[in-house]
Each structure stands twice: as structure tokens, then as C-alpha cells.
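Me: I have a new model open and would like to learn how to read it feature by feature. Could you walk me through it?

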Amino acid sequence: MEKYIIGNLKMNLLTQAERNHYLSSFSSELKKSKFPNSKIVLCPPCLHMEKFVGILQGAGVEIGAQNIFPEERGSFTGEISPLMVKNFGGKYTIVGHSERRRYFDETNAVANEKIKLALGSGLRPIYCIGETEDERRRDLTFDVIAGQLEEGLAGIANTQADKLVIAYEPIWAVGTDAVPTSDEVMEVKILIRKILSELYSPEMAERIPILYGGSVKSRTALEVCVEPGMDGVLVGRESLIPIEFLKIANIIDKAQ
Ligand code: PEP
């Protein structure tokens, strides 16, 4: 399967100058390598989306949103519709990120609505799931993951499932520099694949990319992605440094 290297820029790039600097350094780093086996995706703040699409899409980078509202249009002050993202050139949206679960009460049920609207609008949802440190300590990892998948993907038909991307992000590894072992990642990946094959046909379950996210760096990429056989990574902090992000992409792309 093609690999997915996805950057979540979060609430950064605060000025036009900062954004332009990021885009020009990303573009010049991008010219130094080819990624024949991977899709490179960046999810900037929505305010920057149009510019990112304009500058990077032609160079083979796809763009996504960090969040959407689960309605097409209307009186939802401050929100971004999935159709807006699509019409402005976005192809993906992150859903259920642990920061949205923590700060904005994004439950599995809310994530489910967003996934449905994203798919209905022609966007590919990147559905983030993962356990807290406490849940892992109490041996609840598998139950939490199963619940997040079953509730978050409820009612998504087999015919739509090939548009899904699943990102396993253990919450204790997001933004912390702690990473799970390769075996720990692989165990969860096997569980996710098993649940997907219960929800969908086995062939379809095999086609859904399962990524790892949480403190991915060039020095951890082999351990958290390549060794456990993940289909790519969702990268936070390191995606703000184009040379580092593309170094991660190179390691994963060339490790086929
Ligand atoms: C994330 O926020 O999805 C993430 C993985 O962040 P970081 O890489 O900084 O841990």
C-alpha cells in the first residue's frame, strides 16, 4: 500500500511572513527528493489553506483541514464546512484529534457525524484514535480503541470505507516525546485491522491505511512506523520544520 506522510501544523504560522517562509522552505526541500511510494499531505490552519493549495498542490502535496463542522452550510458562527474545504482544494480533514476530544468535547459520536459529512462532501477523513496513559496502565487500550472505531465508524458503508484513513495516536505520546515500542504499535495495528475486517469486507479492511502518530521524529520513524508495518505517520511538531518532516517522509518512503 502507498504510504501516507501527513503533517498537522496545528495553530501555528501566525503571520503572512511566517507562512511564506514555511512555504518557500517546504518547496525548496521538496525539490531535493522524490516520494514515489507516498502521499505527502499537510493540514495547515484553514486561513492558510488556499495559499497552501496554490503553492504546494502542483508540487504533488495534498492539503487537508484540521477540523470541520458536521453541516454543509448555515448559521454556525465560526465554523468551517467540509464543502468549503473541498471547494478550496482540500482533500482531507482530520477528525477526532485528541486535542479536539480534550478541549472541545469531541466524542466518538461527534466524530462519527464529521466523518459522514466529510465523506459525503468528497473529503477523506483522517480519524484519530488512541488511549490515554491511564487507560493503557489499566489495560483498557483494546477496549478504548474498539469503542472509538465502532462508534466513530457507525453507519459508514463498505462502499465508502476505502476513503477512510485511521491514525493511531496514543494520547500519552502526542506532544510529549514518549513513544511506544514497535511491538506495542504493532499490537494495536493488528487490533485495528481486525476490527475493520469485522466492520467491512476483509478486502476493504486491507485497503484502509492505518497510520501512527505521536512524537514522530526522523530518529523514531523506523521504530514507530516501518518496523510495526504502519501505512504512514501523522506528524505534529516536526511538520513545522520542512527539512525534518521530509526527512521522515524519505525514511518511510525508501523503506518499502
Ligand atoms: C499530533 O498532534 O497529531 C501529533 C502527533 O503531534 P506530535 O507529533 O507533536 O506528537
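Reply: Gladly; let's start in a loop. D162 sits in the loop that links helix 7 (141-152) and strand 6. Helices and strands here are DSSP runs numbered from the N terminus, with H or I over at least four residues for a helix and E over at least two for a strand. This is a predicted model, so local features need pLDDT of at least 70 and side-chain atom pairs count only at pLDDT 80 or more, while totals for chains, interfaces and linings use all residues. Residues are numbered from 1 along each chain as its sequence is written, and side-chain values use heavy atoms, with hydrogens and water left out.

Me: Why does D162 count as partly exposed?

Reply: The classes go by relative accessible area: buried is under 20%, exposed is over 50%, and partly exposed is in between (1.4 Å probe, protein chains only). D162 has 21% relative accessibility, so it falls in the partly exposed class. For a sense of distance, its C-alpha atom is 31 Å from that of R219, and these two residues are 57 apart along the chain.

Me: Let's follow the chain into strand 6. Which of its residues are on one side, and which on the other?

Reply: In general, side chains of a regular strand alternate between the two faces of the sheet. Strand 6 covers residues 165-168, with V165 and A167 on one side, I166 and Y168 on the other, and all of them buried.

Me: How many bridges join strand 6 to strand 7, and how many join strand 5 to strand 6?

Reply: Two strands are taken as paired if DSSP finds at least two bridges between them. Strand 5 (residues 124-129) runs parallel to strand 6, with 4 bridges between them; here Y127 has I166 as its bridge partner. On to strand 7 (residues 210-213): it is parallel to strand 6 and joined to it by 3 bridges. A167 is partnered with L211, and Y168 stands opposite Y212.

Me: And what does strand 7 itself look like?

Reply: I210 and Y212 point one way and L211 and G213 the other, and all are buried. Strand 7 also runs parallel to strand 8 (residues 232-235), through 2 bridges, with G213 partnered by L234.

Me: What about strands 1 and 2?

Reply: Strand 1 (residues 3-8) and strand 2 (residues 38-43) are parallel and share 6 bridges. Y4 has K39 as its partner in strand 2. Strand 2 is mostly covered, with 5 of its 6 residues buried.

Me: Which residues that are not glycine have a positive phi?

Reply: Two examples are worth a look. D105 has a phi of about 55 degrees and lies in the loop between helix 4 (98-104) and helix 5 (108-120). S215 also has a positive phi, near 55 degrees, in the loop between strand 7 and helix 10 (221-226). As for their surroundings, D105 counts as exposed because its relative accessibility is 60%, whereas S215 counts as buried because its value is 8%.

Me: Which residues come nearest to the ligand?

Reply: A residue is near a molecule if one of its heavy atoms lies within 4 Å of it. There are 13 residues around the ligand, and K10, E169, G175, S215 and R237 come nearest. The shell divides into 4 nonpolar, 6 polar and 3 charged residues. In that scheme, Ala, Val, Leu, Ile, Met, Phe, Trp, Tyr, Cys and Pro are nonpolar, Asp, Glu, Lys and Arg are charged, and the others, Gly among them, are polar.

Me: How do I read the polar contacts there?

Reply: Look for a pair of N or O atoms within 3.5 Å. A polar side-chain atom of K10 is 2.5 Å from a ligand oxygen. For R237, a side-chain N or O atom is 2.6 Å from an oxygen atom of the ligand, and for H97 the corresponding distance is 2.8 Å. On its own the ligand has 290 Å² of accessible area, and the protein covers 99% of this (Shrake-Rupley method, 1.4 Å probe).

Me: Last topic: how many disulfides does a search of the whole structure find?

Reply: A disulfide is a covalent bond between the sulfur atoms of two cysteines. The cut-off used is a pair of cysteine sulfur atoms within 2.5 Å, and the search finds 0. C46 is unbonded because the closest cysteine sulfur, in C43, is 9.5 Å away, too far for a bond. C128 is in no disulfide either, with the sulfur of C43 being the nearest at 9.2 Å. C46 is partly exposed at 29% relative accessibility, while C128 is buried at 2%.

Notes: Polar contact = N/O pair within 3.5 Å; in protein donor to acceptor, adjacent residues only side chain to side chain.
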